[in-house]
Amino acid sequence: MKRPTVIQKIASLGTDLRRYGQVILALLWREEEIRRHLPAESLFELLEPLLVLAGIVLLRYMLSREAPAPLGVSVALFYATGFYPKYFFIAIALKKMRASVGSPRQRFPVEQRLDYVIVHIVMRALDYAILGLLVFGCIYFFITADAIPYNFSPLLPALTACAALGFGWGMFNLVLMRLIWFWGYVAVGVNRVLILISGAMFVPDFLSPNLRYFLSFNPELHAIALFRSGFYPQYPNIVLDTTYLTYCAIAAVLLGLLLDRVTKRTEGR
Amino acid sequence: MIVLDQVTMQFTTASLTNYSRTRTVLFPTSLAIPSDRRIAFFADPAEDRRMFIDLIGGLVLPSAGRIVRRVSVSFPVGHLGSFEPRLAVKNNIAHLARLYGADVQMTVDFVESLAGLGEAFNKPFGMLSSLEKKTLGRIVAYSIPFDLYLLTDDAVFGKKKLEDISARLFEARSRTAGMIIPTRNMRFAREHCDMGLVLDHGKLRLFDDVEQALAVLPESMARPVKVRHRN
């Protein structure tokens, strides 16, 4: 059979894009409808990061009230700036992603796995925009005025990098969970370890050079450092390597797309 | 027209009691299936029938090769896909219309008038009984204008009322669109179809006439199957 020529492909590009937009918009619309009918569900999803943050801040106060925050004046702000991007990454990559996808026989043929993943990422981004306003707004009103970032420019790149890394890691888990039955358990463990070594609870620059070197291979650490540098003017930037972060983010997106492409045919089998 | 280009379909069954084995539903096949005819589709067993219909509809992708759809092809009639159990039936149908770029209000009105669900139409989809879901499944695919409809085994026959609706829809849509109808009912095939498609042991053959197709049907497909129970 004759394959379509390049000109034919370009000519049909407009129609294809319109159809694709139609599908994504329909899926987004439905997500919005679910939220409107069941608002409690989406609110409870935001409860975990809030509880973790509150718990850690409370614990810290109870253990040593006098000890200063690792950086800046407020303990709450320090942990919030660490856990916010970390939980954004987790929300995108973890099991909600798997739940949002389902099997191909539970979809209509026009909807693809990648569409669901994109819609999932957009919805999480909206969730976390609201959560960010809530958390940093509360810290601003009740604790310290530093909660308003002095420089907004690194925030968006940092969160975009988190989303890209989350996409890659999520797709990797999604595919491996189908291939290896116990991968789900491994992934949960790995994620818990990643929370500890991503620099959400410490400033990596204050660690010993040897440890710092090993930890700096984790791209998530750079994303959190970049995010924090928008809040703290004096944030140390020995470890922070935005080039490495950019490469990792691009690699993660490419890996995710590649895995989707490679495993597409065997998805439902 | 739907063009199959070296399409192969095989899958591996994993089971706890037997060794996993690879089964081929379709050997490499290149074929052009017209989209403006009523095609009776014969295959055995029922899983293969469904697998082929899903393949044409795009619910599953072939193991190798590609399928080019030059026309809009429906999802299998009866398939309710990603209907969200927490959302009202009405909203789900609106979602479907948006997915396929059809007129939302018209689609919702069409399904509402035919399904006769009454109050249940505004209830969450998950709360419907299985019969209501079945009724909905048969109507939903017809509510969107496609060039080719894919039917499933139980898309035409069933309870009396449901059968009437299905038959009416089937007649109305097949005037303007093509159909692929998997069936084991020879009389139905002779009366309603004008082409035959036979999938026998992984080989797919298209016939211009149903009688020709019926003539080459293997014994197992031509006779109604007696279900034998062991023990």
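**Close-up 1. Where Ile2(B) finds its partner in strand β4 of chain B.** In this predicted model, Ile2(B) has Arg69(B) as its bridge partner in β4(B), and Val3(B) is matched with Val68(B) in β4(B). Strand β1 (residues 2–13) and strand β4 (residues 64–69) of chain B run antiparallel, joined by 5 bridges. Strands here are DSSP runs (E, at least two residues), as helices are (H or I, at least four), numbered from the N terminus; two strands pair if DSSP finds at least two bridges between them. Residues are numbered from 1 along each chain as its sequence is written, while chains are lettered from A and ligands numbered from 1 in the order in which they are written. Local features need pLDDT of at least 70 and side-chain atom pairs count only at pLDDT 80 or more, but totals for chains, interfaces and linings use all residues.

**Close-up 2. The whole sheet, β2-β1-β4 of chain B.** This is an open sheet of 3 strands with antiparallel pairing. Its edge strands are β2 and β4 of chain B, each pairing on one side only. Look for helix α1 (residues 46–57) of chain B too: α1 packs on the sheet and touches β1, β2 and β4 of chain B, with its direction at about 50° to that of β2(B). Touching, or contact, takes C-beta atoms, placed from the backbone, within 7 Å. Angles are taken between N-to-C directions, from 0 to 180 degrees, using lines fitted to C-alpha atoms (for helices, over the stretch in contact).

**Close-up 3. Strands β1 and β2 of chain B, side by side.** β1 and β2 (residues 21–33) of chain B pair in the antiparallel sense over 9 bridges. One spot to pick out is Thr13(B), whose bridge partner in β2(B) is Arg21(B).

**Close-up 4. Two helices of chain A, α4 and α6.** The axes of α4 (residues 75–93) and α6 (residues 113–142) of chain A come within 10 Å and cross at roughly 170°. They are therefore roughly antiparallel to each other (angles over 145 degrees count as that, under 35 as roughly parallel, 65 to 115 as roughly perpendicular and the rest as oblique). Residues of α4(A) including Tyr84(A) and Phe88(A) meet a set in α6(A) including Tyr128(A) and Phe136(A).

**Close-up 5. Where chain A meets chain B.** Here 22 residues of chain A are in contact with 21 residues of chain B.

Conventions
Two residues are in contact if their C-beta atoms, placed from the backbone, lie within 7 Å.
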